Amino acid sequence: MDFEQYSYTFSKEALKSGYAKQEIDRCLNYAMVLFSHNVPVIYNASHLAQLVGYKKEYLKKATLYTNNFYRNFEIVKKNGGKRLISEPLPSLKEIQLWILKNILYKIPVNPVAKAYKPNVKIIENLRFHRNQPKVLTLDLQNFFPSIKINAIQNIFRNLGYSKFISRLLAKLCTKNDELPQGAPTSPYLSNLIFKKADALIFDFCKQRKIRYTRYADDLCFSGNFDEKELLEKVIDVVEEMGFSINMVKTKLMFPNTRQTVIGVVVNEKSQVVFHKRNALRQAIYYIKKFGLNEHQEYKGIRQKNYLEHLLGKINFVLQINPKDTEFLNYKDFLIDLKKRNEQGKQVIID
């Protein structure tokens, strides 16, 4: 439906309901801006509730008692520390997915952002940095928690939504007024928030023939450049935007060393780093030899979705090298094991 059809239908129904022409015009002026951005028209909380398929009271509770709508758990980071994951309950996740697909995905992000975009593979982030004289990688510290609700609200306001609706949408996408790690909306929202910084950094790099991409909170630069000048510029930009660089994770790599970008070697042929591939080999070996449950028990692995976790890591390897027969065999083995486990559970239930 185009705006002309919408305007005709809306006016006809509104007049039947006793709305004054002035009120109808006000609504249509509001809707016209949203139509221009190809996003759904949302007039109030009741209208949003109808669109997402949940009661208005549920939306109200989800925004007032946010902590009750998330399941918190920790995962171990590479450095041994822990990262808090806040996973929304299925109902709230469904609402967030509606916001993501119907609103957020309609807003383009900067082309240098290579993560969390539909139909964009990880290899897109790697091909720019192969066989370069220098590779510099930087890490944004506490990326998601640094993004606050007011910045999220401004994204919706810039599309034309009212202040009330923008606040409501922002509340549905945040936890304790921050971007939660675990919500389906958080990754793409982070791309939108960092869009201005991406543009400023890219312009600086373009003038100096430096290659720049960003994969989530990992910034990567390659080429022949003055690393001190580049680092100073990036720090200025990200701090101006309210972010900071984790200097401990800053890496400058030359061709005579292993150059890695998001855990993948990019010197010549792209390849997931050896220790990660080897860890997967060992896991598969022990599962085949002793069984899944015994392997998890021996290693102290209490992860409920451990099989899916391993499959995700193997799929990551195969994204880089789709014809890697070794890991294709591992994938087939785990898929078959998963099917057998599910069939076994079904037998017990029956």
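Reader: What share of the chain's contacts with a separation of 6 or more comes from residues 24 or more positions apart?

Author: Happy to start there: this is a predicted model, in which local features need pLDDT of at least 70, side-chain atom pairs count only at pLDDT 80 or more, and totals for chains, interfaces and linings use all residues. Residues are numbered from 1 along each chain as its sequence is written, and side-chain values use heavy atoms, with hydrogens and water left out. A contact means heavy atoms within 4.5 Å. Of the contacts in the chain with a separation of 6 or more, the share from residues 24 or more positions apart is 66%.

Reader: How many helices and strands does the chain have?

Author: Both kinds of element are DSSP runs numbered from the N terminus: helices are H or I with at least four residues, and strands are E with at least two. The C-alpha atoms fill a box of roughly 75 × 65 × 35 Å along the principal axes. The secondary structure in the chain comes to 15 helices and nine strands.

Reader: What percentage of the 350 residues counts as buried?

Author: Buried means under 20% relative accessible area, exposed means over 50%, and partly exposed lies in between, with a 1.4 Å probe and protein chains only. Of the 350 residues of the chain, the buried part is 43%.

Reader: How far apart are the centres of the positive and negative side chains?

Author: Lys and Arg count as positive and Asp and Glu as negative, leaving out His and the chain ends. Each charge is placed at NZ of Lys, CZ of Arg, CG of Asp or CD of Glu. With 56 positive and 34 negative side chains, the distance between the centres of the two sets is 2 Å.

Reader: Does the length of helix 14 agree or disagree with its number of residues, and what is the distance between its end C-alpha atoms?

Author: Eight residues' names are worth having in view: Tyr-306, Leu-307, Leu-310, Leu-311, Ile-314, Val-317, Leu-318 and Ile-320 of helix 14 are buried. The expected span of a helix is 1.5 Å times one less than its number of residues. For the 15 residues of helix 14 (residues 306-320) that gives 21 Å, which agrees with the distance between the end C-alpha atoms, 22 Å.

Reader: Which residue in the turn between strand 4 and strand 5 has a positive phi?

Author: Two strands pair if DSSP finds at least two bridges between them. Strand 4 (residues 211-215) and strand 5 (residues 218-223) are antiparallel over five bridges, and Arg-214 has Leu-219 as its bridge partner. They form a hairpin with two residues between the strands, and the turn residue with a positive phi of about 60 degrees is Ala-216.

Reader: Which residue of strand 5 stands opposite Leu-136?

Author: Strand 5 is mostly covered, with five of its six residues buried. Strand 3 and strand 5 run antiparallel and are joined by six bridges. Opposite Leu-136, strand 5 places Phe-221.

Reader: Which strands are the edges of the open sheet with order 7-8-9?

Author: Three strands make up this open sheet, and their pairing is antiparallel. Strand 7 and strand 8 (residues 264-265) are linked by two bridges, with Thr-260 opposite Val-265. The edge strands, each pairing on one side only, are strand 7 (260-261) and strand 9 (271-272).

Reader: Is Phe-144 buried or exposed, and what is its relative accessible area?

Author: Phe-144 sits in the loop between strand 3 and helix 7. Not counting residues up to four places away in sequence, Phe-144 touches Tyr-116, Leu-179, Pro-180, Gln-181, Ser-186, Pro-187 and Ser-190. Phe-144 is buried, and its relative accessible area is 6%.

Reader: What is the relative accessible area of Asn-142?

Author: Asn-142 is found in the loop between strand 3 (134-139) and helix 7 (149-159). Its phi is positive, near 45 degrees, in a residue other than glycine. Asn-142 is exposed, with a relative accessible area of 54%.

Reader: And what is the phi of Asn-38?

Author: Asn-38 lies in the loop between helix 2 (21-36) and helix 3 (45-52). Asn-38 is exposed at a relative accessible area of 52%. Although Asn-38 is not a glycine, its phi is positive, at about 60 degrees.

Reader: How far is the C-alpha atom of Glu-74 from that of Gln-22?

Author: Glu-74 belongs to strand 1 (residues 70-76). Leaving aside neighbours within four places in sequence, Glu-74 is in contact with Lys-82, Arg-83 and Leu-84. Glu-74 and Gln-22 are 52 residues apart along the chain, and their C-alpha atoms are separated by 54 Å.
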